[in-house]
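Me: I'd like a close look at one helix and the charged residue tucked into its story. After that, walk me outward to the ligand and a few loops, and keep it chatty.

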Amino acid sequence: ESQSPGQKEFYQAAHEVLYSLMPLLKEDERYDYFNILERITVPERTIIFKVNWVDDHGRIKTNFGYRVQFNSAIGPYKGGLRFHPTVNLGIVKFLGFEQVFKNALTGLQIGGAKGGSNFDPKGKSDNEIMRFCQAFMTELYPYIGETQDIPAGDIGVGPREIGYLFGQYKKITRQFEGVLTGKDIKWGGSNARKEATGYGSVYFAENILNKYGESLEGKRCCVSGSGNVAIYTIEKLYEMGATPVSCSDSKGTIYHENGIDLNSLKAIKEINYQSLEVYAQVHPDAVYTPVSHYPDGRHMVWDIPCDIAFPSATQNELNLEDAKKLVDHGCMLVNEGANMPTTPKAMEYLKEKGVWFGPGKAANAGGVTTSQLEMSQNASMAKWSFEEVDIKLRQIMRNIFDTAYETSVEFDCEGDLVSGANISGFRKVADSMIDQGSV
Ligand code: NDP
């Protein structure tokens with residue numbers, strides 16, 4: 001910690017992974033001999049750059065840009081870009097570190113990376129977003145490429161931003177190549193990429209439930225967030241016969257007892273970039289609670305009775321007090337759509353109370369999985385139908401579940417998918433590092 005102070009989210013993520021590796025490290029001395037723990041917790045390369053851009057009033061603004069290329073032992077760097085005012089090096093490192101194990105767990109040949117900026121897209125015009133994306137890519141482009149590092153979206157980076165980033169990459173390099181994923185279908189994107197993380201999260205939950213003789217049919221589900229992951233989690237939950245009753249954004253929470261109206265939600269968030277207050281105006285029977293009225297120290301979404309919780313907004317959004325409320329209400333499963341949304345204490349409590357848990361590293365891996373399918377299509381100039389991609393996604397989510405579950409059995413912690421996911425992801429990356437020598 002003395003080498004990189006103030007990166008609390010990164011230490012939180014590293015602590016969780018390293019702690020769960022203990023049984024493996026005891027069994028196999030090679031990891032110690034080859035100093036894998038130290039090598040795997042230091043990124044291979046960290047790029048920090050200044051992004052100057054001009055706002056609509058002609059003023060020059062300055063933001064930080066980051067790309068942390070964490071590990072390339074099993075494939076080219078892959079991971080999203082996040083544009084949010086809270087972004088700093090510690091956040092990008094936590095996300096990059098998680099990505100290494102997540103990508104390994106998918107069974108695909110992709111290394112781990114993450115990037116972003118403290119730029120806040122909220123309240124900016126389309127032209128301002130475009131100028132920012134162009135300035136960001138002008139700095140980033142020398143470090144990325146279709147076999148080198150392939151960024152994607154994350155919080156604040158959706159199809160619009162990917163479009164502007166791609167356009168600038170193409171202009172500078174004069175290469176039309178699959179350097180970014182999450183592209184529009186018209187110019188190289190994959191069917192079902194937009195839906196993939198949310199759909200994949202629901203498929204993962206389905207696997208857990210089926211393992212214990214349960215299903216999604218008739219379940220009341222609380223979803224947090226109202227971005228890409230949350231929207232397509234809600235869409236798939238309806239398709240599976242469940243009822244999603246909540247969503248949230250940074251300003252407040254919606255509780256709609258009869259079920260969230262997906263069309264309204266998409267119009268508000270994907271087309272008009274508005275706040276959820278508008279949802280409550282359109283649906284007077286829905287209850288809107290602004291952040292200022294949240295229960296003390298808790299998140300409103302987890303105050304709503306549900307069978308299954310899908311935290312799908314951001315890190316550390318479900319704390320110990322929230323977990324207690326979920327248990328009081330009889331919640332049977334917490335399935336992480338977001339990255340590290342559950343605090344360590346909340347995780348411990350849920351485990352103690354026997355609540356099933358789908359860790360983000362596994363449960364939200366559908367996004368990067370489908371990004372890799374987009375890369376395959378780009379490389380072979382193919383275009384697969386929505387159904388083809390969706391079938392592959394569902395199968396890969398099944399494989400991820402099986403791998404995490406079987407690893408938990410192998411290490412005498414049956415059903416502990418956190419340990420199962422961490423150990424199996426680590427083993428693949430660490431063994432590859434050993435094969436490749438001291439690079
Ligand atoms: P979006 O930007 O599309 O949506 C994020 C949502 O979370 C918005 O509703 C946003 O509210 C809310 N939110 C963000 N930050 C905060 C905060 N600090 N406090 C309260 N609410 C917040 O992002 P995604 O849906 O893509 O990402 C959500 C999560 O899923 C992240 O953890 C991301 O890393 C993870 N993830 C995403 C993948 C993807 O393919 N997109 C893949 C794997 C993981 P508001 O609109 O008000 O800002």
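Reply: **Glu374 and its surroundings**

Glu374 is found in helix 15 (helices are DSSP H or I runs of at least four residues, strands E runs of at least two, both numbered from the N terminus). Before going further, note that this is a predicted model, with pLDDT of at least 70 needed for local features and 80 or more for side-chain atom pairs, while totals for chains, interfaces and linings use all residues. Residues are numbered from 1 along each chain, and side-chain values use heavy atoms, with hydrogens and water left out.

Now for Glu374 itself. Its relative accessible area is 1%, so Glu374 is buried (under 20% is buried, over 50% exposed, anything in between partly exposed; 1.4 Å probe, protein chains only). Despite that cover, the Glu374 side chain has a partner: it makes a polar contact with the side chain of Lys183 at 2.8 Å (N or O atoms within 3.5 Å, and within protein one able to donate a hydrogen and the other to accept it).

Glu374 has company in being covered, as eleven of the 15 residues of helix 15 are buried. Among them are Gly366, Gly367, Val368, Thr369 and Thr370 at one end of the list, with Leu373, Met375 and Gln377 also included. The geometry of helix 15 (residues 366-380) checks out too: its end C-alpha atoms are 21 Å apart, and this agrees with the expected 21 Å because 1.5 Å a residue is what its 15 residues should give (the expected span is 1.5 Å times one less than the number of residues).

On to the ligand. It is surrounded by 25 residues, and the closest are Lys122, Asp154, Thr197, Ser250 and Asn339 (a residue counts if a heavy atom lies within 4 Å). Three pairings involve ligand oxygen. A side-chain N or O atom of Arg82 sits 3.0 Å from an oxygen atom of the ligand. For Asn228 the backbone does the job, with an N or O atom 2.9 Å from a ligand oxygen. Asn339 uses a side-chain N or O atom, 2.8 Å from an oxygen of the ligand. Alone, the ligand would expose 890 Å², and the protein buries 82% of that (Shrake-Rupley, 1.4 Å probe). Helix 8 (193-211) and helix 9 (228-239) are the elements that give two or more residues to the shell. Domain 1 (8-190) and domain 2 (194-358) each supply at least three residues to that shell (bounds from an automatic or database assignment).

Helix 8 also leads us to the loops. Arg174 is in the loop between helix 7 (159-173) and helix 8. With a relative accessible area of 73%, Arg174 counts as exposed, and its phi is near 60°, a positive value in a residue that isn't glycine. Most residues other than glycine have a negative phi. Tyr273 is another non-glycine residue with positive phi, near 50°, and it lies in the loop between helix 10 (262-271) and helix 11 (277-282).

At the other side of helix 7, Gly158 is in the loop that follows strand 5 (149-152) and leads to helix 7. Gly158 is partly exposed because its relative accessible area is 21%. Its C-alpha is 9.6 Å from that of Leu81, though the two are 77 residues apart in sequence.

One last stop: Leu140, in helix 6 (residues 126-140), is buried because its relative accessibility is 0%. Leu140 and Leu165 are 25 residues apart in sequence, with 9.8 Å between their C-alpha atoms.
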